[in-house]
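Open the model in your viewer and keep the selection tool at hand. This tour moves from the whole chain to a single residue.

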Amino acid sequence: MKKHIAVLAGDGIGPEIVPQALNVLQTIGQRFGHEFDLAYGDVGGQAIDSRGVPLPPDTLALAKKSDAVLLGAVGGPKWEGLEYERRPERALLGLREQLGLFANLRPAKMYSALVDASTLKKEVVDGIDVLVVRELTGGIYFGKPKGIEQTQTGHKGINTEVYTTEEIQRIAEVAFKAARKRNRVVTSVDKANVLESSELWRRIVTDEHKKYPDVELRHMYVDNAAMQLIRNPKQFDVLVTTNLFGDILSDEAAMLTGSIGMLPSASVGSKVGMYEPIHGSAPDIAGKNMANPIGMIASVAMMLSYSFDLTKEAESIEQAIQKTLDQGFRTKDIEGPGTTLIGTKEMGEKILENL
Ligand code: NAD
């Protein structure tokens, strides 16, 4: 298989963690006989400095013609004073919009070597492996009417939750297909007892499910889902939900595993998927060889699985991460008693050795 990958390292720890992920990708290529052709682009604050805008047109063009995009992180204190439209983070919105990325996939997986990093009891979190599928371009964040209006006594703020049949169908399809690569259980989260948009959501997800008889479908109200994620997170395999509910529940699920540096994410929808760790540019530790590269390396595994259907290759990366943690190697953010502290580069090398 030959694939073209756009590599956008960005700011802060981005340029430190991305090379570790690319080493893993190239090793997978050699071992399994694939060719990954890499092309680099400017993005975020670094692009503002060199090109004047967070998402230069040639970066966008590069992303569009690639088979997938690997992104490090964007942002930092240097660019915080800029007006909203020129901030590094605008590049992410631009890429999502221009690439038609309507689904955000965030796995929260607990590596058994790290159970003590969670704030929850060991028996609750050990073995967690949840994938949150969040609708990313619809719902209350985009619905109209919206705004703040004058009233006789003050103001009123308005937002509107809107979902169409097509929007629900396509996100449900992503969830059911993802479940087929996992344990084949989808929990659809809504508030159908109160909201009409949720009533439609539940109806369409149920209809769409008819095409996936090999996958089990469960429905859950969002208040209960928030509770169940803390009470018994192991009951979930794939959790699919709206933009607003997914925003909240995906952070809740991520926190179960205890470390922001460990978790990857995927944004998919059209031909080109974008893969990045869930954390930001971590300016406080940038340039110190302290960042945990595992979220970035696990993003490569997601790319292989979701964009290229290379499940075996993705699993071998997961296993190499698992083995490295089992051997006791840790970056600073996940360090604990009896473990060996290593840097970003060394963590990348250990994972490569275990691949
Ligand atoms: P952050 O995720 O960058 O950092 C939060 C904390 O987690 C920091 O203490 C940091 O050191 C630590 N951390 C994050 N990633 C780590 C890793 N891989 N290894 C070890 N520790 C890690 O969030 P923030 O500090 O709120 O934001 C910093 C900048 O990043 C801001 O400009 C923000 O806008 C931007 N940001 C970008 C993205 C993105 O690129 N997708 C996402 C979130 C925030």
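The stops below cover the two domains, the contact between them, and one loop residue.

**Stop 1: the domains**

Remember throughout that this is a predicted model. Select 1–102 together with 269–355 and give them one colour: the domain assignment calls this domain 1. Now select 106–259 and choose a second colour for domain 2. Domain 1 is therefore picked up in two segments, according to that assignment. Measure between the C-alpha centres of domain 1 and domain 2, and you should get 24 Å.

**Stop 2: the interface**

Select the residues of each domain that are in contact with the other. On domain 1 you will find 16 residues, and on domain 2 there are 20. Together the two domains bury about 1,600 Å². Carbon and sulfur atoms account for 63% of that area.

Which three residues supply more of the area that domain 1 buries against domain 2 than any other three? Show Phe102, Ile278 and Tyr306 as sticks; they supply 40% of it.

**Stop 3: charges and polar pairs**

Two salt bridges link domain 1 and domain 2. Select Asp309 and Lys181, which form a salt bridge. Their closest N and O atoms lie 2.6 Å apart. Then widen the search to polar contacts: five residue pairs between the domains qualify, with both residues at pLDDT 80 or more.

Next, colour the helices α10 (294–307) and α11 (311–326). Each supplies at least two residues of the side of domain 1 that touches domain 2. α11 gives the largest share of that side, with five residues. Colour the side of domain 1 that touches domain 2 by residue class: eight residues are nonpolar, two polar and six charged.

**Stop 4: Thr339**

Centre on Thr339. You are in the loop between β13 (329–330) and β14 (340–341).

Is Thr339 buried, partly exposed or exposed? Its relative accessible area is 23%, so Thr339 counts as partly exposed; the buried class ends at 20%.

Show the side chain of Thr339 and follow it to the backbone oxygen of Gly336, which it reaches at 2.6 Å. Beyond neighbours within four places in sequence, Thr339 is in contact with Gly328 and Arg330. Finally, select Asp326, 13 residues from Thr339 along the chain. The C-alpha atoms of Thr339 and Asp326 are separated by 9.7 Å.

Notes
Residues are numbered from 1 along each chain as its sequence is written. This is a predicted model: local features need pLDDT of at least 70, side-chain atom pairs count only at pLDDT 80 or more; totals for chains, interfaces and linings use all residues. Side-chain values use heavy atoms; hydrogens and water are left out. Contact means heavy atoms within 4.5 Å. Buried area is the accessible area (1.4 Å probe) that two parts lose on being put together, summed over both. A salt bridge is a side-chain nitrogen of Lys or Arg within 4 Å of a carboxyl oxygen of Asp or Glu. A polar contact is a pair of N or O atoms within 3.5 Å; within protein, one must be able to donate a hydrogen and the other to accept it, and residues adjacent in sequence count only if both atoms are side-chain atoms. Helices (H or I, at least four residues) and strands (E, at least two) are DSSP runs, numbered from the N terminus. Ala, Val, Leu, Ile, Met, Phe, Trp, Tyr, Cys and Pro count as nonpolar, Asp, Glu, Lys and Arg as charged, and the others, Gly among them, as polar. Buried means under 20% relative accessible area, exposed over 50%, partly exposed in between (1.4 Å probe, protein chains only).
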